[in-house]
Amino acid sequence: MEKAKAICRLVEEKAGRFTAVSDAVWDTPELGFEVERSAAVIIKALEREGFQVEGGLAGIATAFKGTWGENGPVIAFLGEYDALPNLSQAAGVAERQELVPGGDGHGCGHNALGAGALAAAVALRDYIRAKGLPGRVVYFGCPGEEFGCGKAFMARAGCFANLDCAFSWHPQSYTGVWNYGSLAHLSLLFDFKGVAAHASSEPYNGRSALDAAELMNVGANFLREHIPPAARLHYAFHDAGGMAPNVVQDRARLNYYVRAPKIAQTREILERVKKVAAGAAMMTETDWSFSITDGLSDFIPNSVATTVLAEAMNELGPIAYAAADYALAEKFRAAVSEAAYNTVLEQMHSIGGSLAEEYRGKNLMDGILPCSGGAHIFPASTDVGDVSYCVPTAQLMAAVGCLGTALHTWQMTAQGRTSLAHKGLLFAGKSMALAGLKLLERPELLKEAKREWLSATGGKYVCPFPDEVMPEL
Ligand SMILES: [Zn+2]
């Protein structure tokens, strides 16, 4: 408990700096890898704290790391700072306003995410420096999470090699440890080439790429029944050949997503989808080709690090809210639909079991969901998955808004620059710093975490996409 108090004090001493970083990043929402101003704010804060900053990781100008310490185990914290397009934003305004054309917004709370990870790195460093403990602290600035697969490129470049443990967190409308996997993802392009012809006067001389694409989708829809239940196939036409019905189309392009609980399963499903494409091409006497355009590995929560992180969260106790926070949450809760609220409660249920019910009806989640884990799989993908294949990794979620707020919405964006977001990011920072400290002080736990990671991954990172795929800078 002494250590929890000390870490708490260290974060609170510099709380104004961390929340100012979050607000500054919120003020200038930027997208993908083009997050220069946001990265600059965090780099400046790291340099002020005496971290050694190296930019341009993996050939991406806005990917960077800040390192402190000479020897001892290496604890890493992952920060994000990219926003979403066309959300627009107005701090503290609960009702959705007129959208500003092209107005980007921090609908996923990554402004708080980057600042919370910064708070963790600085507080852990402050503690070990004051006590003279061995240990190194690294902050990774990771752009391009919403789109771009930033961390997968960084993982491929070896950025996450030689670390002992990595921590991250994600803003949410509830608080708890992230003790479950996420879906791995592959994005694929299938191209069909045929022979153009007049569709009425000489269709028999044509070979339709559009027919091939349609037959491929039919085949994929039948394949669906025979892939693992949690796997997903989605497709979209990127090119249907052309606008004229009286032409036998000689080209067509489909974009497929394959998702599954494990990256190895997506590779198996890909082989079967390729057979469907080959069959469609054979039926139509067209040629086909495919390429992987991007991908994400599934997230493997390291149970040793996750348990330590949950312990840290519980020692720190839930986020303490003031009357003004409850009032703000009530205002935002009125702007959240029942459907959205119930969906969040369902998510909490699948994470924390029936204990989630304790919070039904509340405007703010002022507790911590238990670390139940189990069979739940987050039904989306994150590039933290690729980090988890490189190093034992643990994550938490912390409330940055009223209970029921969905990610990627006006309300999540608008609460990103309020006391709720500030409290969430400071709690996340404290929790991750304390968890890092617990691991530094018990090297046997770090060894156990590494053993578990080795048996789960084989210890070798395989990037989901081929070497020729480069970040879209
Ligand atoms: Zn996010």
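## Helices, sheet, core and domains of a predicted model

Helix H2 (residues 15-27) has 13 residues and spans 18 Å from its first C-alpha to its last, close to the 18 Å expected at 1.5 Å a residue. The expected span is 1.5 Å times one less than the number of residues. Helices (H or I, at least four residues) and strands (E, at least two) are DSSP runs, numbered from the N terminus.

This is a predicted model: local features need pLDDT of at least 70, side-chain atom pairs count only at pLDDT 80 or more, and totals for chains, interfaces and linings use all residues. Residues are numbered from 1 along each chain as its sequence is written.

### Helices H2 and H13

Within H2, the buried residues are Phe18, Thr19, Val21, Ser22, Ala24, Val25 and Trp26. Buried means 20 or more other C-beta atoms within 10 Å of the residue's own; exposed means 12 or fewer, partly exposed is in between, and C-beta atoms are placed from the backbone. The cover over these H2 residues includes helix H3 (36-48), helix H4 (110-131) and helix H13 (419-441).

H13 is itself well covered. Of its 23 residues, 20 are buried, so the rest of the structure largely encloses H13. Its end C-alpha atoms are 33 Å apart, which agrees with the 33 Å that 23 residues should span at 1.5 Å a residue.

### The sheet

Seven strands make an open sheet with mixed pairing, in the order S1-S2-S4-S3-S5-S15-S6. Its edge strands are strand S1 (52-54) and strand S6 (176-177), each pairing on one side only. Two strands pair if DSSP finds at least two bridges between them. Strands of a sheet pair through backbone hydrogen bonds, either parallel or antiparallel.

S1 and S2 are antiparallel, with three bridges. Five bridges join strand S2 (residues 64-68) to S4, again antiparallel. Strand S3 (residues 74-79) pairs with S4 in the parallel sense over six bridges.

Specific bridge partners are tabulated here.

| Residue | Partner | Strand of partner |
|---|---|---|
| Valine 53 | Glycine 66 | S2 |
| Phenylalanine 64 | Glycine 141 | S4 |
| Tryptophan 68 | Valine 137 | S4 |
| Isoleucine 75 | Valine 137 | S4 |

Valine 137 thus appears twice: it stands opposite tryptophan 68, and it is the bridge partner of isoleucine 75. Both S2 and S4 are mostly covered. In strand S4 (residues 136-141), five of six residues are buried. In S2, four of five are buried.

### Nonpolar cores

In soluble globular proteins, nonpolar side chains tend to be buried together. A nonpolar core here is a set of buried Ala, Val, Leu, Ile, Met, Phe, Trp, Tyr and Cys residues joined through C-beta atoms within 7 Å. The largest core has 143 residues, and Leu118 and Leu309 touch the most other members. Domain 1 (2-182 + 298-457) and domain 2 (184-296) both give residues to this core, so it lies between them.

Which residues does leucine 309 touch, not counting those up to four places away in sequence? They are Phe167, Val177, Ala394, Leu396, Ser431 and Ala435. A second, separate core has six residues, among them Ala83, Leu84, Leu87 and Trp410.

### Two domains

The chain is divided into domain 1 (2-182 + 298-457) and domain 2 (184-296). These bounds come from an automatic or database domain assignment. The C-alpha centres of the two domains lie 38 Å apart. Ten residues of domain 1 are in contact with ten residues of domain 2. Contact means C-beta atoms, placed from the backbone, within 7 Å. The side of domain 1 that touches domain 2 has three nonpolar, four polar and three charged residues. Ala, Val, Leu, Ile, Met, Phe, Trp, Tyr, Cys and Pro count as nonpolar, Asp, Glu, Lys and Arg as charged, and the others, Gly among them, as polar.

### Positive phi in loops

Most residues other than glycine have a negative phi. Asparagine 162 has a positive phi near 65 degrees. Asparagine 162 sits in the loop between helix H5 (150-156) and strand S5 (165-172). With 10 C-beta neighbours inside 10 Å, asparagine 162 counts as exposed.

Glutamate 285 also has a positive phi, about 55 degrees. Its loop runs between helix H7 (263-284) and strand S13 (287-296). Glutamate 285 is partly exposed, with 13 other C-beta atoms within 10 Å.

Methods
Two residues are in contact if their C-beta atoms, placed from the backbone, lie within 7 Å.
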